[in-house]
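The following explanation is intended for a reader meeting this structure for the first time. Please keep the sequence and the model in view while reading.

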Amino acid sequence: MFLFRRSAVSRKARIRDGTRVTLRQVRGTDVAALRAFVQSLSAESRYLRFHGIVTDLSEAQWKYLVSADGLDHVAVVAWIGRRIVGVGRYIRLEHAHDTAEVSFVVADSLQRRGLGSLLRDELVALALRSGIRSFRAEVMAANQGMRRLLRASSMNVVKDMGDTIEVSLDQADSRPEPLVA
Ligand SMILES: CC(C)(COP(=O)(O)OP(=O)(O)OC[C@H]1O[C@@H](n2cnc3c(N)ncnc32)[C@H](O)[C@@H]1OP(=O)(O)O)[C@@H](O)C(=O)NCCC(=O)NCCS
């Protein structure tokens, strides 16, 4: 059964152009790297991720973003060397425990090379292990990248309400081993 599959702390993977990345769950010590990553994003990517004009976050917000508990709040970070190049995150909804709000952001120079898909597959594996059966995302109508990311074969769109998409997670047993925190 999936719950008893072997888990890994981190994993090396290659994106489509052969670039190697390391994937692991976020840690409390990642604030500086995360801040550098967010600040390196184009204004457009920051806007699409945070749904507004964001130049910096408060200390409390940075702390929150790295204080994922690995169960109700999970963030998988992709690294090249000491640089974060992508983050996939979900936060379980308080009023619907089998559903989580999901978000992704990938460094501009690496977009459309499969990193978002790698992060998505890691999140799906972790979510299913924690009893989460669907992801919900706030997605701007024009955000084709995020829309495509959520229309993967491992997910079925159950609701598309324009700016909110909900997808159910496929139970098929062909996912990566979950990355432990
Ligand atoms: C959305 C985002 C995370 C996707 O990451 P990515 O690494 O580019 O995604 P992938 O390369 O794995 O591509 C996933 C799918 O989306 C498609 N796609 C990616 N960007 C696209 C774009 N701009 N327009 C159309 N399709 C796009 C890919 O072709 C691929 O489709 P396929 O699975 O049918 O082959 C990335 O574009 C990003 O960081 N955007 C800015 C932040 C954002 O919009 N976040 C979402 C809101 S939380």
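The paragraphs below proceed from one residue to the next.

The structure is a predicted model. A suitable starting point is Arg89, which is located in strand 4, spanning residues 83-92. Arg89 is buried yet takes part in no salt bridge. Which side chain of opposite charge is nearest to Arg89? That side chain belongs to Asp30, and it is 8.6 Å away. A salt bridge requires a separation within 4 Å, so Asp30, at 8.6 Å, does not provide one for Arg89. The side chain of Arg89 does, however, make a polar contact with the side chain of His73, at 2.8 Å. Not counting residues up to four places away in sequence, Arg89 touches several further residues, among them Leu34, Arg49, Leu65, Glu101 and Leu123.

Strand 4 also holds Tyr90. How many aromatic pairs does a search of the whole structure find? The search finds 1. A pair of aromatic rings is described by the distance of the centres and the angle of the planes. Tyr90 and Phe135 form a tilted pair, with 5.6 Å from centre to centre and 40° between the planes. This pair links distant parts of the chain, for Phe135 lies in strand 6 (residues 134-138) and the two residues are 45 residues apart. Both Tyr90 and Phe135 are buried.

Arg49, one of the residues touched by Arg89, leads to another ring. Arg49 lies over the face of Phe50, at 4.6 Å from the ring centre.

Attention may now turn to the backbone. His51 has a positive phi of about 60° although it is not a glycine. His51 is found in the loop between helix 2 (43-50) and helix 3 (59-66). Its relative accessible area is 39%, and His51 is therefore partly exposed. Arg112, likewise not a glycine, has a positive phi of about 65°. The loop that contains Arg112 runs between strand 5 (99-106) and helix 4 (115-129). Arg112 counts as exposed because its relative accessibility is 78%.

The last stop is Arg147, in helix 5 (residues 144-149). Is Arg147 buried or exposed? Arg147 counts as buried because its relative accessibility is 11%. Which backbone oxygen lies 2.3 Å from a polar atom of the side chain of Arg147? It is the backbone oxygen of Gly162. The backbone oxygen of Ala141 lies 3.4 Å from a polar atom of the Arg147 side chain. Leaving aside neighbours within four places in sequence, Arg147 is in contact with residues including Val139, Met140, Asp160 and Ile165.

Technical notes: Residues are numbered from 1 along each chain as its sequence is written. This is a predicted model: local features need pLDDT of at least 70, side-chain atom pairs count only at pLDDT 80 or more; totals for chains, interfaces and linings use all residues. Side-chain values use heavy atoms; hydrogens and water are left out. Helices (H or I, at least four residues) and strands (E, at least two) are DSSP runs, numbered from the N terminus. Buried means under 20% relative accessible area, exposed over 50%, partly exposed in between (1.4 Å probe, protein chains only). Lys and Arg count as positive and Asp and Glu as negative; His and the chain ends are not counted. A polar contact is a pair of N or O atoms within 3.5 Å; within protein, one must be able to donate a hydrogen and the other to accept it, and residues adjacent in sequence count only if both atoms are side-chain atoms. Contact means heavy atoms within 4.5 Å. Rings of Phe, Tyr and Trp (its six-membered ring) pair if their centres lie within 6.5 Å; planes under 30 degrees apart count as stacked, over 60 as edge-to-face and the rest as tilted. A charge sits over a ring if NZ of Lys or CZ of Arg is within 6 Å of the ring centre and within 35 degrees of the ring normal.
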